Amino acid sequence: MFEGFQFSQASLQDYGDCPRRFQLRYLQEVAWPAPQVDSMLEQERHLQRGQAFHRMVQQYLLGIPDGLISRTIGEDEDLVRWWEHYLAADPAGTAGQRYVETTLTATLAGYRLVAKYDLVVITPGEQALIFDWKTAVRPDTPKKVDALFARMQTRIYRYLLVCAGAHLNGNLPIPPEQVSMRYWFAEDPDAPVDFAYDATQYAADEQRLKEVLLELTARDPGQLWELTPVERRCAYCPYRSLCERGEEAGVLALAEEEGEGAALEAFDLDFDQIAEIAF
């Protein structure tokens, strides 16, 4: 059933958050029957801005002058502010070989893992730095930072760079200790969140990812998979009415306060799937 299926950070995060959500979204391909938040138009605009911002940064990193990019923004105040923050902070100014919107894949437990990186900067023999641009609110408590660390994106992106990134490093293996991941927040440009890596974490990630893949793929797709025990997640899930977990959507502002902003962003707009820019 999973032949040819590529597991991304978004799909495995869905499974970790709620097995039923994974089943409905990826196996049964159920249309989204309910809004995620009470202000769908506001959220849709935010997601569109996020996609636009990612494409602007991609263009800039590929050599398009910032002046030309700025002319495409229009009068969107949020997008203008994010772009100004990016240009002022220059978060990708690190020296090294740059790989923009690069994709890495590897086979684990007989299944394919895939990750599309916003930017990887490699200085051979010194460091391999993963950048990820975020338009969600920066985590402002240790608990929220820990939650970001625990997300599948942090786990998969660092793991795959070590496991499958040698061709970005002159065909030399990348030691885990040289890898780190930096989440840069457009709303808080001077306070990125960095996560270093090491061999112990790499081994733990490989073991955990293997366990999740084997558990998920061994399940009976004809049975109803269990719901998340964390019911507050259901307020932001479009399948909640199907699961009899409520009718009313969650409040967008509260989603950010509760640390669900990144989850909403990932669920509605899987940035792994953003198309390459055509010239």
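Let me start with a single residue, Asp 90, which is partly exposed, with a relative accessible area of 40%. What we have on the screen is a predicted model, and I will keep to what can be read from its coordinates. Asp 90 is found in the loop between α5 and β2, and its phi is positive, at about 45 degrees, although the residue is not a glycine. As background, most residues other than glycine have a negative phi. A second case is Asn 171, in the loop between α7, residues 152–164, and β7, where phi is again positive, about 65 degrees, in a residue that is not a glycine. Asn 171 is exposed, with a relative accessible area of 62%.

From these loops I would like to move to the sheet. Five strands make up an open sheet in the order β2-β5-β6-β7-β8, and the pairing is mixed. Its edges are β2, residues 97–100, and β8, residues 188–196, each of which pairs on one side only. Between neighbouring strands of this sheet the average turn is 20 degrees, with direction ignored.

Let us walk across part of the sheet, beginning with strand β5, residues 119–123, which is joined to β6 by five bridges, the two strands running antiparallel. Thr 123 stands opposite Gln 127 in β6. Together β5 and β6 form a hairpin with three residues between them, and in that turn Gly 125 has a positive phi of about 80 degrees. On to the next pairing: seven bridges join β6 to β7, residues 179–185, and here the strands run parallel, with Ile 130 having Met 181 in β7 as its bridge partner. Then β7 is joined to β8 by five bridges in an antiparallel arrangement, and Tyr 183 stands opposite Val 193 in β8. Helix α5, residues 77–89, packs on the sheet, where it touches β6, β7 and β8, and its direction makes about 135 degrees with that of β7.

How enclosed is strand β6, residues 127–134? Seven of its eight residues are buried, so this strand is largely enclosed by the rest of the structure.

The same question can be put to a helix. For α2, nine of the nine residues are buried, so this helix too is largely enclosed by the rest of the structure. Please note that the buried residues of α2 include Arg 20, Arg 21 and Arg 25 as well as Phe 22, Leu 24 and Tyr 26. Just after α2, Glu 29 takes a positive phi of about 50 degrees.

Phe 22 brings me to the aromatic residues, of which a search of the whole structure finds 25 pairs. Why is the pair of Phe 22 and Trp 225 stacked? Their ring centres lie 6.1 Å apart and their planes are at 5 degrees, and planes under 30 degrees apart count as stacked, so the pair falls in that class. This pair links distant parts of the chain, since Phe 22 is in helix α2, residues 19–27, while Trp 225 is in the loop between α8 and α9, 203 residues apart. Both Phe 22 and Trp 225 are buried. The charged end of Arg 219 sits over the ring of Trp 225, 4.7 Å from its centre. Phe 22 and Trp 225 also belong to one aromatic cluster, whose members include Phe 2, Phe 5, Tyr 26 and Tyr 111.

Phe 5, from that cluster, has its place in the segment before β1, residues 6–7. Leaving aside neighbours within four places in sequence, Phe 5 is in contact with Ser 11, Phe 22, Tyr 26 and Arg 112. Its C-alpha atom is separated by 8.9 Å from that of Leu 113, which is 108 residues away along the chain.

Finally, the cores. The largest nonpolar core has 42 residues, and those with the most contacts inside it are Leu 12, Phe 22, Leu 113, Tyr 117, Ile 156 and Leu 161. Helix α7 gives the largest share of this core, eight residues. For Ile 156, setting aside neighbours within four places in sequence, the contacts include Leu 12, Leu 113, Tyr 117 and Leu 209. A second, separate core has 19 residues, among them Val 57, Trp 83, Val 100 and Ala 186.

Definitions and conventions
Residues numbered from 1 in each chain as written. Predicted model: local features only at pLDDT ≥ 70, side-chain atom pairs only at ≥ 80, totals over all residues. Heavy atoms only, no water. Phe/Tyr/Trp six-rings, centres within 6.5 Å; stacked < 30°, edge-to-face > 60°. Helix = DSSP H or I, 4+ residues; strand = E, 2+ residues; numbered from the N terminus. Buried < 20%, exposed > 50% of the residue type's maximum accessible area, 1.4 Å probe, protein only. Lys NZ or Arg CZ within 6 Å of the ring centre and 35° of its normal. Pairing = 2+ DSSP bridges. Axes fitted to C-alpha atoms, helices over the stretch in contact; angles between N-to-C directions. Contact = heavy atoms within 4.5 Å. Core = buried A, V, L, I, M, F, W, Y, C linked by side-chain atoms within 4.5 Å.
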